[in-house]
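Me: I am a first-year student and would like a close look at a single part of this structure. Please take one sheet with its strands and explain it step by step, and then set it beside other parts of the model.

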Amino acid sequence: MVEPLALKDHTGESKIYFERAVWGFGILIFLTLILFAQLFYLQIVQHSIYATLSDKNRIQIQSLAPIRGLIYDINGELIADNIPSYNLTITIERVDDLDETLGKVEELVGLSDSQIKGFRKRLKQRRRPFESVPLRFKLSQEDIARVSVNQYAMPGVEIEAKLVRHYPNGELMAHAVGSVRRINEKDMRRLNRVAYSGTDHIGKIGIERFYESDLLGTVGYQRVETNARGKVMKILDSALPIPGKNLVLHVDSSLQQVASDALGHRRGAVVAIDPATGGIMVLVSKPGYDPNLFVTGIDHASYAGLRDSIDVPLFNRAIHGQYEPGSTIKPLLGLAGLVEGIINPEFTIEDPGWFSLPNDERLYRDWNWTKGGLGGHGIVNLERALYRSCNVYFYNLAVKLGIERIHEHLRLFGFGRNTALDLPRASKGLLPSRDWKKNTRGLPWFPGDTVNIGIGQGDMLVTPLQLATAATVIANRGKWVSPRMLKEGSELIEHTSVFLPEDIDLVPDHVWDLTISSMKKVVHRGNKGFGENGTAWAYIGQDIPYSMAGKSGTAQVVGIKQGEEYKEDELQERLRKHAWFIAFAPVENPRIAIAVLLENGGGGSQFAAPVARQVVDHHLLRGNQRLVVSE
Amino acid sequence: MSQDFVRHLPGSGHVYRRKSGLGEKVHLDFPLVILMFSISLYGLLILFSAVEQQTGPVLAQAIRLGIATVVMAVMAQISPIVYLRLAPWLFILGLLLLGLTYLFGFEVNGSKRWLRIPGVLNFQPSELMKLVVPMILAWYFHDRHLPPKTKHLVWASTMIAIPVLMIAAQPDLGTALVIGASGLLVLLLAGIPLRFVFGSLALALAAAPALWFLLRDYQQQRILTLLNPESDPLGAGWNIIQSKTAIGSGGLFGKGLFQGTQSHLDFLPESKTDFIIAVLAEELGLFGIVILLTLYVLLMGRGVIISLQAQDTFGRLLSGTITFTFFVYVFVNIGMVSGLLPVVGIPLPMVSYGGTSVVTLFAGFGMIMSIHTHRRLTL
């Protein structure tokens, strides 16, 4: 501060300051106007843009999942309901360090690699901000408690209760009702995103799939105001979801249980139909699986176990299993022969135990053929051919009918097509024809092929459902009722694209009478000595308290070489014959038609017929109902 | 402008005896007091909304305002001559405290800004420097011929640079910038030749790329975010997007007091401190903003008038600088919240929630009032 002494020029300095301060204030006003301009721009010019942004911030549309329709059996018993399931979910926006959070969760309730993998996969799927992503399903009460206690240390981790499908009968109804599965990314691409926006599951097989649109219900929504952390502050407006329709099926749980028990641990299927309505009362395929496993996602090892099992438990034998029908189609061939006038009730053949075509050395054996030519049924008319299940009679008849007429007549009974109204994926089986063989194998139809068809072997394939349907049509004397699962509701008609087969009305009454009475003798003709009794009498007919018409079938799995005797115990279990039995009862006023299949089960009369009898017994005799034994 | 000003026109040469009003007696300037209270009350109303209508924080802020008012009144009683004599000692004290802060400072969020004597007080020496830097420069130029010579400018620049660099090292870039700006304002008001002004501006622009690399990552990020907030809408851009959304959605008259969705649903960050003007803009619209801006301009206008009436260089430069620095706060804060400037932590004066800055601001205006009310009444 050593300045040369000089007087300060106060006037000059205050002039400088005046200029600068006034300039400064001018700049201050200018800059304030810039601020004003910016705010004017934001608040007036771009107001609508920011107003929209602000609303998008706070208003979220949340889907309200409808409650899936319940499924009842014919007695009103619940066979598919919804129960709360507790899932551990993570809202990723609230998580600071995902790996750390996953580590904590693993410590608390355990996490498998596949659960983490699944979670990360779901994380990549499209979702709204602050939408939680499930990490672990079906928490136990203990898990819930453990997570709840530690939740404060894990922001973003929550336990959510959701209603999920539950099948109270577990395995029993698996193949009858089908099941729902978790919606995956592939489903999402084809589904209506809006309709499924609140729903995690979709009917994947069976009834759950076919009636999906009815069971699903209508999604509701609510517009909510949320804060920046996604917490709902208030509900602005909402539309409640409409629950899915409840379905009542023809399936009878108790009958289903009887059928399942009767099959026991054997592989096979039982289908029983109410001849009055076509309603499927029993649809059992064994072994089965617990559909509840699939609802929230089955772990890979368990799934691989089911998928790769030699017993194919996931396979629905009742509607997809295709087997040779064996002798069960003999009544239909007899009927065709009578209708076509090729045979009459008095027509007989002499059965030496084998059949051969002219100019062909191959022997087509009867089932009681023995080496040395001592077998055979002797003199056989149609009735006897049926209750003794004589092969040679039907070799003859088949050859005389020819494949065209056989094809035409069997088709009337639903073979080679799917006649079920609400089982669109049921297999069609195979009803061979000249054209079919030419188209698929490039070979002409040989007379030997027709001979085999005569006893339901060779190329022909049927499903248990188809044989039960055929039994129903016989029971109804040609009047068609299409098999169906659903008992009531007009939905059925809306969904179905299956045409209804025409009634078989060209068959005269006496032909039906003869066919049905012969089938009745299969069960009831007894005490006539071996060789004269009905094939099933010894096994089910001796004490039967009602009238039943039936027909056994035994379908070989491997061809038997010429000149070789069929030795069952030498065959490996899985090469043994399939056992069939079809039946309906009571004969005069049929209330149940049934088909039983036992895979590699052996003889039809011996093994399949008792299963049918147990089911029919239960249906006809339950309660105090007693039926008069008829002639 | 008042009659007083006319009599001070350069060249008039004389100051006549004037009537001594009540203001002079209690050493308060009522226009300033009324404007400050108006802004503060308006601020309390906005704060009441910003804190979800809890009375607690509003009461706390009112108590701070009360304390600040007392500080202002006390500062106004002290003669400017005392400030002039104390200036160098306060400057040295301030530097010492900054040094102590650097050594023993209390660390919050990675920066040492606080001196803490447990149980006695928490104190930010940089806050003191907001007033002391204009004081030391006004003191320095008080005895010098104006406009300043180059060597004086070198000394003055040094006096600015030392505290600014010390505060920048804490690091507290926002405060360092504001204090640096207040120092430069003194130079400008002292009549620094305009060629220096434009020369340094050109230099600063030329040096900008080099300065860029001196900035820390988060500081670079703030500037990048300003240029394109949508580049990281959930991260660095969130604050600015949400504040612009709050402001823009307010429209002309706003969503209504207490009705702001951006602020009450927590989309707006720091809604009661640095971003509080977004609450005002959202709830009372451009209309509410214009009221606040008008009050601010009137307040600063009164400050400029007072500085023009000051009788010596110290009084002129100090009151002028305090007034224009106040505008720097206003401009930087509103500019930042409305997306014109990068995000720097500067509160909106007299409105944002918080104690220290209010006390400093009021103390500054207390000094202005002291300068205005201690004028010699006779020639």
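Reply: The account below begins with one sheet of chain A and then turns to a helix, a loop residue and a second sheet.

Please keep in mind throughout that this is a predicted model.

The sheet chosen for the close look is an open one in chain A, built from 3 strands in the order β1-β8-β9, with antiparallel pairing. Strands of a sheet pair through backbone hydrogen bonds, and they may do so in a parallel or an antiparallel manner. The edges of this sheet are taken by β1 (59-64) and β9 (232-239) of chain A; each has a single partner strand, so one side of each is left without a neighbour in the sheet. On average, neighbouring strands of this sheet are turned by 30° against each other, direction ignored.

The two pairings may be followed one at a time. Between β1(A) and β8(A), which run antiparallel, there are 6 bridges. Within this pairing, Gln60(A) stands opposite Val224(A) in β8(A). Strand β8 of chain A comprises residues 220-226, and it pairs with β9(A) over 6 bridges, again in the antiparallel sense. Here Glu225(A) has Lys234(A) in β9(A) as its bridge partner. β8(A) and β9(A) form a hairpin, with 5 residues between them. In that turn, Gly230(A) has a positive phi of about 80°.

How many of the 7 residues of β8(A) are buried? The number is 5, and β8(A) is accordingly described as mostly covered. A helix also lies against this region: α2 (residues 47-58) of chain A lies across β1 and β8 of chain A and runs at about 40° to β1(A).

Another pair of strands in chain A may be set beside this sheet. Strand β6 (residues 179-182) of chain A is joined to β7(A) by 4 bridges in the antiparallel sense. Val180(A) has Gly203(A) in β7(A) as its bridge partner. Strand β7 (residues 201-205) of chain A is mostly covered, with 4 of its 5 residues buried.

Burial can also be followed around a helix. Helix α3 of chain A (residues 98-109) has 12 residues and spans 16 Å from its first C-alpha to its last, close to the 16 Å expected at 1.5 Å a residue. Its buried residues are Leu98(A), Thr101(A), Leu102(A), Val105(A), Leu108(A) and Val109(A). They cover an arc of only 125° around the axis, which puts them on the same side of α3(A). The general rule behind such a pattern is that an α-helix has 3.6 residues a turn, so residues three or four places apart point the same way. On the other side of α3(A), Asp99(A) and Glu107(A) are exposed. The buried residues of α3(A) pack against β3 (78-90), α4 (113-124), β4 (133-136), α5 (141-150) and β5 (157-166) of chain A.

The two ends of this helix complete the description. At the start of α3(A), a side-chain oxygen of Asp97(A) comes to within 3.2 Å of the backbone nitrogen of Asp99(A). After α3(A) comes Gly110(A), with a positive phi near 80°.

A loop residue can be buried as well. Val587(A) is found in the loop between β18 (578-585) and β19 (592-598) of chain A. Val587(A) counts as buried because its relative accessible area is 14%, and the cut-off for that word is under 20%. Apart from its neighbours within four places in sequence, Val587(A) is in contact with Ile516(A), Lys520(A), Ser547(A), Met548(A) and Ala549(A). Ile516(A) is 71 residues away from Val587(A) along the chain, yet their C-alpha atoms are separated by 7.8 Å.

Finally, chain B holds a sheet that can be read in the manner used above. Its 3 strands form an open sheet in the order β1-β2-β3 with antiparallel pairing. The edge strands are β1 (106-108) and β3 (121-123) of chain B, each pairing on one side only. From one strand to the next, the twist averages 35°. Helix α5 (residues 80-104) of chain B packs on this sheet, touching β1, β2 and β3 of chain B, and its direction makes about 105° with that of β2(B). Strand β2 (residues 111-117) of chain B is joined to β3(B) by 3 bridges, and Leu115(B) stands opposite Phe123(B) in β3(B).

Definitions and conventions: Residues numbered from 1 in each chain as written. Chains lettered and ligands numbered in written order. Predicted model: local features only at pLDDT ≥ 70, side-chain atom pairs only at ≥ 80, totals over all residues. Heavy atoms only, no water. Pairing = 2+ DSSP bridges. Axes fitted to C-alpha atoms, helices over the stretch in contact; angles between N-to-C directions. Contact = heavy atoms within 4.5 Å. Expected span 1.5 Å × (residues − 1). Buried < 20%, exposed > 50% of the residue type's maximum accessible area, 1.4 Å probe, protein only. Arc of directions from axis to C-beta. Polar contact = N/O pair within 3.5 Å; in protein donor to acceptor, adjacent residues only side chain to side chain.
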